[in-house]
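Here are a few short exercises to work through with the structure open beside you. Try each task before you read its solution.

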Amino acid sequence: MLKEKRNEKEKAYDVAILGAGPAGLTAAIYSLRYGLKTIVISKDIGGVANYADVIENYPGFEGKGIELMQKFAEQAKKQGAEIMFDELVSIERAGKNFAVNTKNKRIGAKAVIISLGTQHKRLGIPGEAKFIGRGISFCSACDAPLYKNKVVAVIGGGNAAATSALILSVHASKVFLIHKGDELKAEKARAERIKKNKKIEVLYGTIPKEVRGNDFVEALAVEQAGKARDIKLDGIFVEIGSVPATTFAKELGVDLDDKGYIITDENMYTNIKGILAAGDMVKSRLKQVIVSASQGATAAKSAYDYINQ
């Protein structure tokens with residue numbers, strides 16, 4: 001919780017939306033159409049949807065994820081959305097309402113929609129933290145061109161890892177796909193493309209142990225079939241899944257499931273009155289842009305109903 005006092009006057013809104021991904025931006029569009037004074041607070045636009053190299057299953061759109069998110073943002077701004085780029089510090093009760101504390105502001109709101117999405121899982125091995133941004137990346141769609149004619153590794157065995165390996169193979173001279181299991185968990189079509197791609201070598205039963213280098217990644221120490229081995233590399237892409245960004249929700253007392261996802265009802269209400277949630281951080285069967293957008297719209301309607309009760 002925030003301890004320090006702030007001198008500036010608290011700005012008051014009907015709804016504070018935390019996160020500017022598909023759920024947050026859709027919630028903003030609908031909140032404004034319901035006539036609610038609305039603010040969106042986020043460090044960036046788009047969230048993890050930006051990392052999608054190609055989106056082919058969002059009706060009426062086909063292209064890069066970052067392009068779709070820009071369209072979401074443009075529409076929200078056209079509706080009159082106020083977007084504040086800042087880092088979230090805490091959410092707390094303020095009488096019947098809530099206070100959202102960022103590094104630079106204190107925002108008052110009658111209702112809060114939490115749509116912070118997910119965060120990439122880390123390997124948790126020596127050298128990882130040191131080399132993030134210096135050879136370790138979590139976004140092949142963003143950084144693949146930087147590795148033209150170089151040797152890289154993708155760590156993971158699911159759809160994200162397979163897609164990352166295929167994207168990198170367009171630029172890199174060699175791609176190692178490092179997977180701890182004995183077969184890929186990716187969709188059959190992607191797995192088949194991996195097998196046919198001569199630039200990609202899949203290393204099954206292989207566990208990353210340490211990232212090595214001086215100023216930049218130079219090698220990855222792994223354990224393969226019980227034997228230690230160093231793989232010389234220019235870059236490493238980590239694709240081992242994601243976790244919901246629910247720290248602030250947990251501190252507020254919002255109910256989470258055993259995997260850390262927010263539990264809501266069908267109207268996106270949490271167990272805390274006035275706190276709603278939408279997007280990938282919510283417990284649901286499918287994590288897709290279209291699902292997040294739907295939840296964002298529902299959350300906005302529910303926020304309107306709550307405020308006008």
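**Exercise 1. Find which way the side chains of strand E2 point, and decide whether the strand is enclosed or open.**

Solution. Keep in mind that this is a predicted model.
- Step 1: From E2, Thr38, Val40 and Ser42 point one way, while Ile39 and Ile41 point the other way.
- Step 2: Each of these residues is buried, which here takes a relative accessible area under 20%.
- Step 3: Since 5 of the 5 residues in E2 (residues 38-42) are buried, the strand is largely enclosed by the rest of the structure.

**Exercise 2. Identify the strands that pair with E2, and trace how the chain arrives there from E1.**

Solution.
- Step 1: Strand E1 (residues 11-18) runs parallel to E2, and 4 bridges join them. Leu18 has Ile41 of E2 as its bridge partner.
- Step 2: Between E1 and E2 the chain passes through helix H1 (residues 22-33), making a right-handed β-α-β crossover.
- Step 3: E2 also pairs with strand E5 (residues 82-85), again in the parallel sense and over 4 bridges. Here Val40 has Ile83 in E5 as its bridge partner.

**Exercise 3. Classify the ring pair of Tyr34 and Tyr304, and locate both residues in the chain.**

Solution.
- Step 1: The whole structure contains 3 aromatic pairs.
- Step 2: In the pair of Tyr34 and Tyr304, the ring centres are 5.1 Å apart and the planes meet at 25°. Planes under 30 degrees apart count as stacked, so this pair is stacked.
- Step 3: Tyr34 lies in the loop between H1 and E2, and Tyr304 lies in helix H8 (residues 289-307); the two are 270 residues apart, so the pair links distant parts of the chain.
- Step 4: Tyr34 is partly exposed at 30% relative accessible area, and Tyr304 is partly exposed at 29%.

**Exercise 4. Compare the surroundings of Asn149 and Met268: is each one buried or exposed?**

Solution.
- Step 1: Most residues other than glycine have a negative phi. Asn149 has a positive phi near 60°, and Met268 has a positive phi of about 75°.
- Step 2: Asn149 sits in the loop between helix H4 (140-143) and strand E11 (151-155). Met268 sits in the loop between helix H7 (247-252) and strand E19 (275-277).
- Step 3: Asn149 is exposed, because its relative accessibility is 58%, whereas Met268 is buried at 6%.

How values were computed. Residues numbered from 1 in each chain as written. Predicted model: local features only at pLDDT ≥ 70, side-chain atom pairs only at ≥ 80, totals over all residues. Heavy atoms only, no water. Buried < 20%, exposed > 50% of the residue type's maximum accessible area, 1.4 Å probe, protein only. Pairing = 2+ DSSP bridges. Right-handed = clockwise from strand over helix to strand, strands pointing away. Phe/Tyr/Trp six-rings, centres within 6.5 Å; stacked < 30°, edge-to-face > 60°.
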